[in-house]
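Here is a set of exercises to work through with the model open beside you. Try each task before you read its solution.

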Amino acid sequence: MKTLYLHDSLTRTKGAFTPLDPKHVRLYACGPTVYSYAHIGNARMAVTFDLLAGILRTLYPKVTYVSNITDVDDKIITASLQTGESCAAITDKYAAIYNHDMARLGLLPPDIQPRATGHIPQMIALIQTLIEKEHAYEAQGHVLFNVPSFPAYGALSGRNRDDQIAGARVEVAPYKKDPADFVLWKPSAPDQPGWDSPWGFGRPGWHIECSAMAQEHLGLPFDIHGGGADLKFPHHENEIAQSCCARGAENDPSAFSKIWVHNGFVTVEGEKMSKSLGNVALVHDLLKEWPGEVLRLALLSAHYRQPLDWSDNLLRQIKSFLDGLYRTLYEMRNIEPDYASAPTAEIDAVLEALYDDLNTPKAIAALSHINKAASLDKSAHQKGILLRAGSLLGILKADPVEWLGYGVSGADIDSSKIERLIQERKTARAEKNYRRADEIRDELDAMGLIIEDTPGGAKWRRRE
RNA sequence: GGCGCGGUGGCAGAAUGGUGAUGUAGAGGACUGCAAAUCCUCGUAUCCGGGUUCGAUUCCCGGCCGUGCCUCCA
């Protein structure tokens with residue numbers, strides 16, 4: 001059996017992945033807080049863990065991939081106050097958009113997509129356990145996790161408690177026993193989302209929902225916990241603290257998830273995305289201009305742990321590359337792919353790259369070799385290999401005719417006129433009236449069409 | 001200030017203690033009336049300075065530059 005190697009943020013080393021239960025691998029990845037459209041950074045996380053789940057499925061008979069929707073959060077309350085919509089309306093709306101947009105990036109839905117608001121009792125129970133074990137305390141309607149009660153705190157982010165306090169720019173609330181303590185439960189005003197609890201009407205703090213949902217749907221410990229690199233601290237650090245302490249593992253930060261996988265940040269044109277810079281690249285907008293596969297492959301064009309700079313130039317390069325793949329498929333459009341052949345060295349090259357800590361650039365290079373072979377061979381076997389390799393990366397699902405824009409009709413395209421012009425050009429060329437032939441090509445070009453002369457006659461396709 | 005990451009061809013981006021992938025862009029050629037598409041070919045690419053080594057882009061030290069987290073953040 002092949003072995004998957006993964007980089008574990010907890011140990012900061014790459015090692016062979018060995019599941020707790022080889023018959024059932026369990027993966028959790030922190031999903032979005034749904035108060036607005038997802039940006040390309042959210043998408044990188046989603047694509048990375050979709051890929052990881054898919055790779056795990058090539059190795060293990062059962063994989064449960066859980067990725068949550070956080071639908072209770074102060075940012076949602078803020079959005080509600082700004083728009084006048086209810087929190088529930090906002091979260092329903094953006095959760096639906098998120099799932100729709102991610103599907104267009106070629107993601108399979110997670111096996112389970114729990115929502116925070118559906119797990120309030122589990123959170124309350126978890127908090128109660130932490131209080132009973134004296135890892136948490138109530139103060140002024142809040143419940144706080146007492147960080148000094150967890151000696152292993154800081155294992156993930158590599159910082160000790162004193163370090164982070166020294167550099168902290170956060171004001172310390174007076175009711176905290178320790179400056180590093182964080183909120184598990186906080187009071188809600190009557191007009192804010194809230195639930196009755198032993199500590200009054202309130203809502204959960206930011207970190208407890210993932211601890212509760214992961215435990216509920218995967219059991220503890222599970223195999224892999226993932227998310228964006230910025231979540232290492234404080235979010236994941238706090239999840240570890242809560243979950244490990246609740247189950248009495250005060251000295252074992254791996255008692256929650258065995259390993260941790262974090263994807264790197266996305267910058268836009270060399271700058272960090274931020275609302276103040278106004279350069280937040282939203283998936284919803286990008287999908288209006290680019291096929292989902294271009295966005296997906298662009299996100300996979302750098303190794304997941306490396307920073308990725310998002311730019312139009314990147315998208316153009318990826319689009320051109322995908323065009324080349326689809327052209328090969330177009331030329332084989334009348335061949336039924338043969339998937340039944342024995343596993344091949346070509347597919348193995350892609351898989352081995354992905355098994356090496358999801359080395360997608362290397363896998364894409366292997367895909368390129370496959371494309372080369374397929375364009376020369378044009379056999380059912382090669383087509384099967386190409387499509388299978390593409391599917392491992394979640395691409396090449398489109399119809400090549402449509403992708404390349406051949407003979408596509410549309411509201412703004414008058415096919416009969418095009419055919420007439422092409423016929424006229426054919427006649428002109430036969431009469432060696434090249435001036436007229438070129439005029440017609442210019443005319444078609446003005447209509448956004450490219451003409452290609454082939455041995456079988458002229459073909460036209462849509463320019464982008 | 002604390003912790004971390006990175007600097008490879010025009011651009012993107014892997015890998016490696018000893019011939020440095022792949023894509024994209026560009027150049028030349030084949031094909032074409034010309035194009036388009038395709039195919040072939042090409043480009044003295046590893047930030048700087050030390051160290052270890054027979055040999056370093058790769059390991060170590062220092063420097064310069066860039067960047068991330070430490071506050072809501074994927």
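**Exercise 1. Sort the lining of the largest cavity by residue class, then work out where the cavity sits.**

*Solution.* Start with the classes: the lining holds six nonpolar, three polar and one charged residue. Here Ala, Val, Leu, Ile, Met, Phe, Trp, Tyr, Cys and Pro count as nonpolar, Asp, Glu, Lys and Arg as charged, and the others, Gly among them, as polar.

Before going on, a word on the ground rules. This is a predicted model, where local features need pLDDT of at least 70 and side-chain atom pairs count only at pLDDT 80 or more, while totals for chains, interfaces and linings use all residues. Residues are numbered from 1 along each chain as its sequence is written, chains are lettered from A and ligands numbered from 1 in the order in which they are written, and side-chain values use heavy atoms, with hydrogens and water left out.

Next, put names to the lining: Arg 44, Thr 48, Leu 51, Leu 299, Leu 300, Ala 302, His 303, Tyr 304, Leu 358 and Thr 360. A cavity, on a 1 Å grid over the protein atoms alone, is a set of points where a 1.4 Å probe fits but cannot get out; a pocket is an open set with protein on both sides within 12 Å along at least five of seven lines; and lining residues have an atom within 4 Å of a point.

Then look at the elements. Helices α1 (40-57) and α9 (292-300) each supply at least two lining residues, and α1 gives the most, with three. Helices (H or I, at least four residues) and strands (E, at least two) are DSSP runs, numbered from the N terminus.

Last, the location: domain 1 (5-263) and domain 2 (268-404) both contribute to the lining, so the cavity lies between them. The domain bounds come from an automatic or database domain assignment.

As for size, the volume is about 60 Å³. Grid points are joined across faces, edges and corners, and a volume is the space filled by probe spheres set on the points.

**Exercise 2. Find which elements line the second largest pocket, and which domains they leave it between.**

*Solution.* Begin with the space itself, about 260 Å³. The elements that give two or more residues to its lining are α1 and α13 (380-393). Of these, α1 gives the most, with five residues.

The lining has 14 residues, and Asp 50, Gly 54, Leu 108, Ser 391 and Leu 392 lie nearest the centre. By class, that lining splits into four nonpolar, five polar and five charged residues.

Domain 1 (5-263) and domain 2 (268-404) both supply lining residues, so this pocket lies between them.

**Exercise 3. Place Tyr 98 and list what it touches.**

*Solution.* Tyr 98 is in helix α3 (residues 87-104). Its relative accessible area is 8%, so Tyr 98 is buried. Buried means under 20% relative accessible area, exposed over 50%, and partly exposed in between (1.4 Å probe, protein chains only).

Now skip the neighbours within four places in sequence: Tyr 98 is in contact with Pro 32, Ala 38, Met 45, Ala 46, Ile 69 and Gln 113. Contact means heavy atoms within 4.5 Å.

**Exercise 4. Asp 357 and Lys 432 both have a phi near 55°. Is each one buried or exposed?**

*Solution.* First, some background: most residues other than glycine have a negative phi, and most peptide bonds are trans.

Asp 357 lies in the loop between α11 (345-355) and α12 (360-377). At 0% relative accessibility, Asp 357 is buried.

Lys 432 lies in the loop between α15 (415-430) and α16 (434-446). Its relative accessible area is 60%, so Lys 432 is exposed.

**Exercise 5. Track down the cis peptide bonds that lead into Pro 221 and Pro 234.**

*Solution.* The bond from Leu 220 to Pro 221 is cis, with omega near -10°. Pro 221 sits in the loop between α6 (208-218) and β9 (222-228).

The bond from Phe 233 to Pro 234 is also cis, with omega near 0°. Pro 234 is in helix α7 (residues 232-246).
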